[in-house]
Amino acid sequence: MRLVSRIVTGAVTSTVASAHTSTVTATAPAGGRPVPRPHDRPPSVTLRELGPGETDVLDAVFAGLSGHSRYLRFHGATPRLTGPVRRTLAAVDGRRHIAVAAFGPDGVPIGIARLIGSGGTQRRGAAAPEAVGNLRAVELAIEVVDAWQGQGIGRRLLVAVAARGRQERYARLVADVVAENTAMRVLLASVLPIVSVETDGHQVTLTADLRAGVLGLAAA
Ligand SMILES: CC(C)(COP(=O)(O)OP(=O)(O)OC[C@H]1O[C@@H](n2cnc3c(N)ncnc32)[C@H](O)[C@@H]1OP(=O)(O)O)[C@@H](O)C(=O)NCCC(=O)NCCS
């Protein structure tokens, strides 16, 4: 099971808080990147950074993922979160392991985006990336419950967690994505410039330039 899909991103910040009110705007294509569609952002969906030990949020989001979404997120059949994995995912520190969650109108968690850098949470069998070239790198993982997919939540979470990664001075964002995961590939490319794409079997590793900022979008 992959804890992160290959990535990285502290306290609730003004950057994240601004996500509650900012507006997504469509812009002209830049370098062939997909152009974001304007979404009618549900005003009552809020984002906040998670603190350590918020396993209730993890559990709620995991429960809202279909089997296929769990497969795409964890790169394998994942009927449940084991205790160690659950504890690891809850062990955010705001520096090397950063998680931002989205909450629906009723306050129920509907998505999480996380960044894990060197020395943070480690995937089973592989360390989180330390660097790409000589640039500090973080690994990204993101999930939105099925009932809320396609409504701009993933984009908001990615923009917010990328902003936190930049605050922590990471320069590269790395995402391991199952090759068939078009949504994730298109989403990442629409938010950040992709600097490399490596394919290994049915897994694609996308590396994005985190320092470039988010073109065409207001901060999360
Ligand atoms: C991938 C995922 C996080 C996207 O979240 P989302 O809230 O559904 O995505 P959004 O509504 O914010 O869409 C953002 C952009 O992604 C792209 N996108 C989303 N779904 C897409 C699809 N099915 N096909 C192609 N592009 C898609 C579009 O460019 C979209 O922008 P647009 O609406 O302006 O066209 C979500 O589908 C998910 O949780 N999937 C299961 C877990 C997973 O795959 N995680 C990624 C592994 S790291």
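Is arginine 169 exposed or buried, and how many C-beta neighbours does arginine 169 have inside 10 Å? Select arginine 169 to find out. This residue has 11 C-beta neighbours inside 10 Å, so arginine 169 counts as exposed. The cut-off for that label is 12 or fewer. The residue lies in the loop between α5 and β6 (172-178). Check the backbone too: phi is positive, about 70°, although arginine 169 is not a glycine.

**Whole chain**

Zoom out. This is a predicted model. The protein chain has six helices and eight strands. From start to end, their order is α-β-α-α-α-β-β-β-β-α-β-α-β-β. Of the 220 residues in the protein chain, 40% are buried.

Now colour by pLDDT. The chain mean is 81, and 69% of the residues reach 70 or more. Select residues 6-30: pLDDT is below 50 here, yet the model gives this stretch 91 contacts beyond near neighbours in sequence. Residues 119-127 are also below 50 in pLDDT, with 19 such contacts in the model.

**The core**

Select Leu157, Leu158, Val161, Ala162 and Leu173. The largest nonpolar core has 49 residues, and these five touch the most other members. Next show helix α5 (residues 153-167), which gives the most to this core, with eight residues.

Stay on leucine 157. Which residues does leucine 157 contact, leaving aside neighbours within four places in sequence? Display Leu47, Val100, Ala102, Gly111, Ala113 and Ile142: leucine 157 is in contact with each of these.

**Helix α2**

Move to residues 55-63. Val57, Leu58, Val61 and Phe62 are the buried residues to pick out in helix α2. They lie on the same side of α2, because they cover an arc of only 130° around the axis. Turn to the other side of α2, where Asp56 and Ala63 are exposed. Then turn back and add the cover. Over the buried residues of α2 lie elements including α4 (83-90), β2 (97-103), β3 (109-117) and β5 (135-144).

**Strand β1**

Select residues 46-49. In a regular strand, side chains alternate between the two faces of the sheet. Strand β1 has Leu47 and Glu49 on its covered face, with Thr46 and Arg48 on the uncovered one. Leu47 was already on screen as a contact of leucine 157. Add β2: the two strands run antiparallel, joined by four bridges. Glutamate 49 has valine 100 of β2 as its bridge partner.

**The β7-β8 hairpin**

Go to residues 194-200. How many of the seven residues of β7 are buried? The count is zero, and the strand is hardly covered. Add β8 (residues 203-209), which runs antiparallel to β7 and is joined to it by six bridges. Look across from serine 196 and you reach threonine 207 in β8. The two strands form a hairpin with two residues between them. Finish at the turn with glycine 201, whose phi is positive, about 65°.

**Last stop: histidine 75**

Select histidine 75, in the loop between α3 (67-74) and α4. Phi is near 60° at histidine 75, a positive value in a residue other than glycine. Where does histidine 75 fall on the scale of exposure? With 19 C-beta neighbours inside 10 Å, histidine 75 counts as partly exposed. A residue needs 20 or more to be buried.

Terms used
Residues numbered from 1 in each chain as written. Predicted model: local features only at pLDDT ≥ 70, side-chain atom pairs only at ≥ 80, totals over all residues. Core = buried A, V, L, I, M, F, W, Y, C linked by C-beta atoms within 7 Å. Contact = placed C-beta atoms within 7 Å. Arc of directions from axis to C-beta. Pairing = 2+ DSSP bridges. pLDDT = per-residue confidence, 0-100.
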